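Here are a few notes for when you have the model open. They go point by point, so feel free to skip around.

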Amino acid sequence: EDFVFYRHLVSKCGSVEHTGDNRTGAGDGDDEATVYELFGGGLVGELRITGEFGSDYSLEESFAAGKVLCEGEVSYCGGLVGYSQAPVRDSYALGDVKGYVQVGGLIGSMAQSVSNSFATGDVTATVTYAGGLIGELSSESQTVNIEKVYATGNVKARYGVGGLIGYVYLDSGDTDISNSFA
């Protein structure tokens, strides 16, 4: 039980820190951010599903509104989830996201389907794989569906940049993107 929140701004191990003045609000005066040294996500850093019931889990009807900053050489940085092996549905992220590699407005790196979701923040990867919605989409054996999603923020990286998805890796799986825009 190691949470980072108002009045408890740094995790016990020091890998997660909340910065800013602890005042809520919009605009230039709102300087809230969460800073990560590991997998970084506005809601979940790493959502890894294992075991015989792994395919029954998903992340649904969730959101994150703050800025996400992944410092150092952190892979998997997302506005909602840093890395996910579970499908994401009916979810969104509003804050800007900045990280090293595999950086996405909603999800840093994804190995499952995403539907009815969006991201509105600006995305910056200091090296590679930046996407307005997903930094890296990878599938080794299953079909991954990306449907009814969108991203509206600016996206920057040295290479591997996409308005919706920065990089798609397919081993023997397939990807279907439909009814989506950036």
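Where is the place of Asn116? Asn116 sits in strand S14, and that strand comes back in point 4 below. Keep in mind throughout that this is a predicted model.

1. **Backbone oddities.** Asn116 is worth a click, as its phi is positive, about 50 degrees, although the residue is not a glycine. For context, most residues other than glycine have a negative phi. Asn116 is partly exposed, with a relative accessible area of 38%. Gln102 is another case, with a positive phi near 55 degrees in a residue other than glycine. You'll find Gln102 in strand S12, residues 97-104. Is Gln102 buried or exposed? Gln102 counts as buried, because its relative accessibility is 10% and the cut-off for buried is under 20%.

2. **The open sheet.** Next, have a look at the parallel sheet. Its 5 strands run in the order S4-S9-S13-S16-S20, and the sheet is open. Which strands stand at the edges? They are S4 (44-47) and S20; each has a single partner strand, so one side of each is left without a neighbour in the sheet. From one strand to the next, the twist averages 5 degrees.

3. **Strand S16 and its partners.** S16 covers residues 134-139, and 6 of its 6 residues are buried. On one hand, S16 pairs with S13 (residues 107-110) in the parallel sense, over 3 bridges. In that pairing Ile107 stands opposite Ile134, and Ser109 stands opposite Glu136. On the other hand, S16 pairs with S20 (residues 165-170), again in the parallel sense, over 5 bridges. Glu136 turns up here too: its bridge partner in S20 is Tyr167. If you want one residue to orient yourself by, Glu136 will do, with Ser109 opposite it in the S13 pairing and Tyr167 as its partner in S20.

4. **Aromatic pairs.** How many aromatic pairs does the count come to? The count is 6. Take Tyr76 and Tyr83: their ring centres are 5.1 Å apart and their planes are at 50 degrees, so this pair is tilted. The two residues also fall into separate burial classes by their values: Tyr76 counts as partly exposed at 21% relative accessibility, while Tyr83 is buried, with a relative accessible area of 11%. Phe118 and Tyr150 form a stacked pair, at 5.0 Å centre to centre with 5 degrees between the planes. Phe118 lies in S14 (residues 114-119) and Tyr150 in S17 (residues 143-151), so the pair ties together parts that are 32 residues apart in sequence. Tyr150 counts as partly exposed, at 27% relative accessibility. Ring pairs also link Phe118 and Tyr150 with Phe63, Tyr92 and Phe181 into a cluster.

5. **Val168.** Back to the sheet for a moment, since Val168 lies in strand S20. Val168 counts as partly exposed, at 36% relative accessibility. Which residues does Val168 touch, not counting residues up to four places away in sequence? Leaving those out, Val168 touches Leu137 and Thr175. Val168 and Met110 are 58 residues apart in sequence, and 9.7 Å separate them in space, C-alpha to C-alpha.

6. **The salt bridge.** How many salt bridges does the structure hold? The structure holds 1. In it, the side chains of Glu60 and Arg89 meet at 2.7 Å, N to O. The pair links distant parts of the chain, with Glu60 in strand S5 (residues 59-60) and Arg89 in strand S10 (residues 88-89), 29 residues apart. As for cover, Glu60 is partly exposed, with a relative accessible area of 39%, and Arg89 is also partly exposed, with 31%.

Notes:
Residues numbered from 1 in each chain as written. Predicted model: local features only at pLDDT ≥ 70, side-chain atom pairs only at ≥ 80, totals over all residues. Heavy atoms only, no water. Buried < 20%, exposed > 50% of the residue type's maximum accessible area, 1.4 Å probe, protein only. Helix = DSSP H or I, 4+ residues; strand = E, 2+ residues; numbered from the N terminus. Pairing = 2+ DSSP bridges. Phe/Tyr/Trp six-rings, centres within 6.5 Å; stacked < 30°, edge-to-face > 60°. Contact = heavy atoms within 4.5 Å. Axes fitted to C-alpha atoms, helices over the stretch in contact; angles between N-to-C directions. Salt bridge = Lys/Arg side-chain N within 4 Å of Asp/Glu carboxyl O.
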